[in-house]
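Thanks for joining, everyone. I'll walk through one model today, element by element. Here it is.

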Amino acid sequence: VDVYFPPNLTFPSATDSDAMFLGCNSFKVFRPNPNIVANTTSTLQMFKSCVMMHTLGPINIGKSQNMQNIFQSCESLTTIESMSFHSVTNALGFMTSTEVVTNFPHFNFLSATSLDSAFEGCDITTPVQTPVSISMNQNTNCNDLFREATRIKAIYITGSNNVTNWDEAFQSNPRLVKLEADMSGGTSFTNTFRSCDSLQVVDIPGIAHNVDFSDCHGMTKEVLDGLFESLATVSGKTIDVSTTLGASTCDTSIATNKGWTVTTS
């Protein structure tokens, strides 16, 4: 139980804390010594299935390179008070099936090379004015990044110009209103925006491959025209905006003049 956990306990030589607190399902407010495993380089499944833990105090795991499934199935987690992610190279399933996160740090995944499924099923809850904020630099894979994150309303991503795979990255995000990300390096956009029915504000410059926004029904003429302006100049690529609110009135010539075929019906 968290209230009996020794506050001064540290393991200064530990480099592996995989599954350290896996299944500690009596933890609720857990504040260990911030330097309990300050030199660990792997925290795989460290807090997985701590199903009652709603608050995690400051913890120094800034050297960790592997955070795969670290918070998977932390069903009650609302608050991460302080944590650094700048050394992480593997964040697969980072917050899969965490459902009520409302207070969280900036996710600075500057060393990650794959964020596949990192926030899949993670229902971080914030207003549009407070986006989920992610930094990356080396990452090339955003497959399933926020798939089925059904409560998230805004996402702000920087340093994503190296990402090639955006497949299903935002699929089934029905409340996502605002998205900002550099997608200029993307080569695959399969179902990226499927079931994003509320998406209305987009700043996603540089798309240069086939992309489908037909499930983003709320996109107006103004939104679509701005989206067309942000597209790269291509040859023989298609953008599908059929069934969107502005499909019948948008200025498709903006996109066709850049080499795109626009599907409006």
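Which residues of helix 1 (residues 221-230) are buried? They are Val-223, Leu-224, Asp-225, Leu-227 and Phe-228. Buried means under 20% relative accessible area; exposed is over 50%, and partly exposed lies in between, with a 1.4 Å probe and protein chains only. Helices (H or I, at least four residues) and strands (E, at least two) are DSSP runs, numbered from the N terminus.

Some ground rules. This is a predicted model, where local features need pLDDT of at least 70 and side-chain atom pairs count only at pLDDT 80 or more, while totals for chains, interfaces and linings use all residues. Residues are numbered from 1 along each chain as its sequence is written, and side-chain values use heavy atoms, with hydrogens and water left out.

Back to helix 1. Its buried residues pack against strand 8 (201-203), strand 10, helix 2 (253-256) and strand 11. Contact here means heavy atoms within 4.5 Å.

Now the core. A nonpolar core is a set of buried Ala, Val, Leu, Ile, Met, Phe, Trp, Tyr and Cys residues joined through side-chain atoms within 4.5 Å. The largest one has 77 residues, and those with the most contacts inside it are Phe-47, Phe-94, Phe-119 and Phe-170. Helix 1 gives the largest share of this core, 4 residues. Take Phe-170. Not counting residues up to four places away in sequence, Phe-170 touches ten residues' worth of listed neighbours, among them Phe-146, Ile-155, Ile-157, Met-183 and Phe-193.Next, the sheets. Two strands pair if DSSP finds at least two bridges between them. One open sheet of 5 strands has the order 4-5-6-7-8, with parallel pairing. Strand 4 and strand 8 stand at the edges with a single partner strand each, so one side of each has no neighbour in the sheet. From one strand to the next, the twist averages 10°. For that angle, axes are lines fitted to C-alpha atoms, for helices over the stretch in contact, and angles run from 0 to 180 degrees between N-to-C directions. Strand 4 and strand 5 run parallel, joined by 3 bridges. Asn-108 stands opposite Ser-135 in strand 5.

Another open sheet has 3 strands in the order 9-10-11, again with parallel pairing. Its edge strands are strand 9 (211-212) and strand 11 (260-263), each pairing on one side only. Strand 9 pairs with strand 10 (residues 237-240) over 2 bridges. Val-211 has Ile-239 as its bridge partner in strand 10.

Now three single residues. Where is Asp-251? Asp-251 sits in the loop between strand 10 and helix 2. Asp-251 counts as partly exposed because its relative accessibility is 33%. The side chains of Asp-251 and Ser-253 share a polar contact of 2.4 Å. A polar contact is a pair of N or O atoms within 3.5 Å; within protein, one must be able to donate a hydrogen and the other to accept it, and residues adjacent in sequence count only if both atoms are side-chain atoms. Leaving out residues up to four places away in sequence, Asp-251 touches Lys-221, Asp-225 and Phe-228. The C-alpha atoms of Asp-251 and Phe-85 are separated by 42 Å.

Second, Ser-17. Ser-17 lies in the segment before strand 1 (29-30). Is Ser-17 buried or exposed? Ser-17 is buried, because its relative accessibility is 3%. Its side chain makes a polar contact with the side chain of Thr-40, at 3.2 Å.

Last, Thr-55, in strand 2 (residues 55-56). Thr-55 is buried too, at 9% relative accessible area. The side chains of Thr-55 and His-54 make a polar contact at 2.9 Å. That's the tour.
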